[in-house]
Amino acid sequence: MKSMKETLHVPVLLQAAVAGLEVLPGSVVVDATLGGGGHTREILRRVSPGGSVIALDTDADALDHFRKAARSDEFLAKALAKRSLILVHKNYSLLGGVLEDEGIETVDAILADLGFSSDQIEDGERGFSFQKSGPLDMRLDQETELTAGTIVNTFSQGEIEKILREYGDESESRRIARAIVVAREKKPFVMTSELSEIIESAYPKGKRYRSVRPGSRQGSIHPATKTFQALRIAVNREFEHLEQFLSEAVKHLRPGGRLAVITFHSGEDRIVQQFFKKQIQGCICPPGFPLCRCGKKSILKILTKKPIAPDDQEVKDNPRSRSAKLRIAEKL
Ligand SMILES: C[S@@+](CC[C@H](N)C(=O)[O-])C[C@H]1O[C@@H](n2cnc3c(N)ncnc32)[C@H](O)[C@@H]1O
């Protein structure tokens, strides 16, 4: 285990995301995903003096870890003591309630850096990794009930197939779901390694490693990647929470305030893109209506026509950033 004083997580698109929020000294900002605290720290630096950051995480370990690390960081320790940095153990889908508890109606900017941190994936006991054997857990919040083990051991073949297809875009979802159901008849799954072995054996041989560069296994995708992603999304109801978060975020931004979201796979990015598009749409009355009857007004202005991606240097320094996409919008 790593020392509690440090995080393994390297923040992705740090400067682009924080600059995109356009915060100033005195701004009040939400970081919806504290993780290792890289973005939180940079935002806090930019809003000081006079501003504050409310940082949420659904994982109590992430908050504990950050609190411990902050003890040896004078800037963070002071901010926590005077509550210019407030840490909250809550799902970001509950953002409205968090702000209400703090007596805050609207904020100047909101950031969400989705998914999981390197600290979580590197801790085999959390069950996120097929490369480190551990229990089939995958819960970001240990207080929720559903685990990956429950899904693979008790859900029907059809339900498992649907999860893999819809949340993992897994083209071999049927084969894998079938192999899982056959294997669990002999022995229920306990460890991540048992699941990843079954997925690998179910995969058609020619497709096992789809290399990014032909002829090379460098950068190749392990056959369990998509299944693990899909199970994690299902266990944590990630898509549902993301949709709720986006609505809450727009409600609680002040006019002119900015929302920045970093996604790591197409399912998440699609939700953010579609949400932004819906919010820029104004009147939907049929053409020819002299006066608007629908009352629909556009609420957001999209500032990133194309999402911002990390440059080659960032991908080289931090390969985990390679699928990242940053989208930013401003409340009208
Ligand atoms: C990619 S990490 C954030 C890294 C962070 N920006 C940094 O610089 O260290 C994502 C974090 O979001 C948290 N998270 C995921 N889903 C969440 C949710 N629905 N509500 C709150 N936090 C969530 C995870 O527990 C994880 O710690």
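The following exercises, with worked solutions, concern a predicted model.

**Exercise 1. The ligand shell**

Determine how many residues surround the ligand, and which elements supply them.

Solution.
Step 1. The shell around the ligand holds 23 residues. The closest are Pro11, Thr33, Gly35, Gly36 and Gly38.
Step 2. At least two residues of this shell come from helix H2 (38-47), and at least two from strand S2 (52-57).
Step 3. By residue class, the shell consists of 13 polar, 7 nonpolar and 3 charged residues.

**Exercise 2. The surroundings of helix H11**

Establish whether helix H11 (residues 225-235) is largely enclosed or not, and name helices that cover its buried residues.

Solution.
Step 1. The buried residues in H11 are Lys226, Thr227, Phe228, Gln229, Ala230, Leu231, Arg232, Ile233, Ala234 and Val235.
Step 2. Because 10 of the 11 residues of H11 are buried, the helix is largely enclosed by the rest of the structure.
Step 3. The cover over these buried residues includes helices H7 (148-154), H8 (157-168), H9 (173-186), H10 (192-202) and H12 (238-251).
Step 4. After H11 comes Arg237, which has a positive phi near 45 degrees.

**Exercise 3. The packing of H12 and H13**

Describe how H12 packs with helix H13 (residues 266-280).

Solution.
Step 1. The axes lie 10 Å apart, at an angle of about 30 degrees.
Step 2. Angles under 35 degrees count as roughly parallel, so H12 is roughly parallel to H13.
Step 3. The crossing of H12 past H13 is right-handed.
Step 4. From H12, Phe239, Leu242, Glu243, Leu246 and Val250 meet Gly267, Glu268, Ile271, Val272, Phe275 and Gln279 of H13.
Step 5. The residues of this contact comprise 7 nonpolar, 2 polar and 2 charged.

Definitions and conventions
Residues are numbered from 1 along each chain as its sequence is written. This is a predicted model: local features need pLDDT of at least 70, side-chain atom pairs count only at pLDDT 80 or more; totals for chains, interfaces and linings use all residues. A residue is near a molecule or strand if its C-beta atom, placed from the backbone, lies within 6 Å of it. Helices (H or I, at least four residues) and strands (E, at least two) are DSSP runs, numbered from the N terminus. Ala, Val, Leu, Ile, Met, Phe, Trp, Tyr, Cys and Pro count as nonpolar, Asp, Glu, Lys and Arg as charged, and the others, Gly among them, as polar. A residue is buried if 20 or more other C-beta atoms lie within 10 Å of its own, exposed if 12 or fewer, and partly exposed in between; C-beta atoms are placed from the backbone. Two residues are in contact if their C-beta atoms, placed from the backbone, lie within 7 Å. Axes are lines fitted to C-alpha atoms, for helices over the stretch in contact, and angles run from 0 to 180 degrees between N-to-C directions. Angles under 35 degrees count as roughly parallel, over 145 as roughly antiparallel, 65 to 115 as roughly perpendicular and the rest as oblique. A crossing is left-handed if the near helix is turned anticlockwise from the far one by less than a right angle, and right-handed if clockwise.
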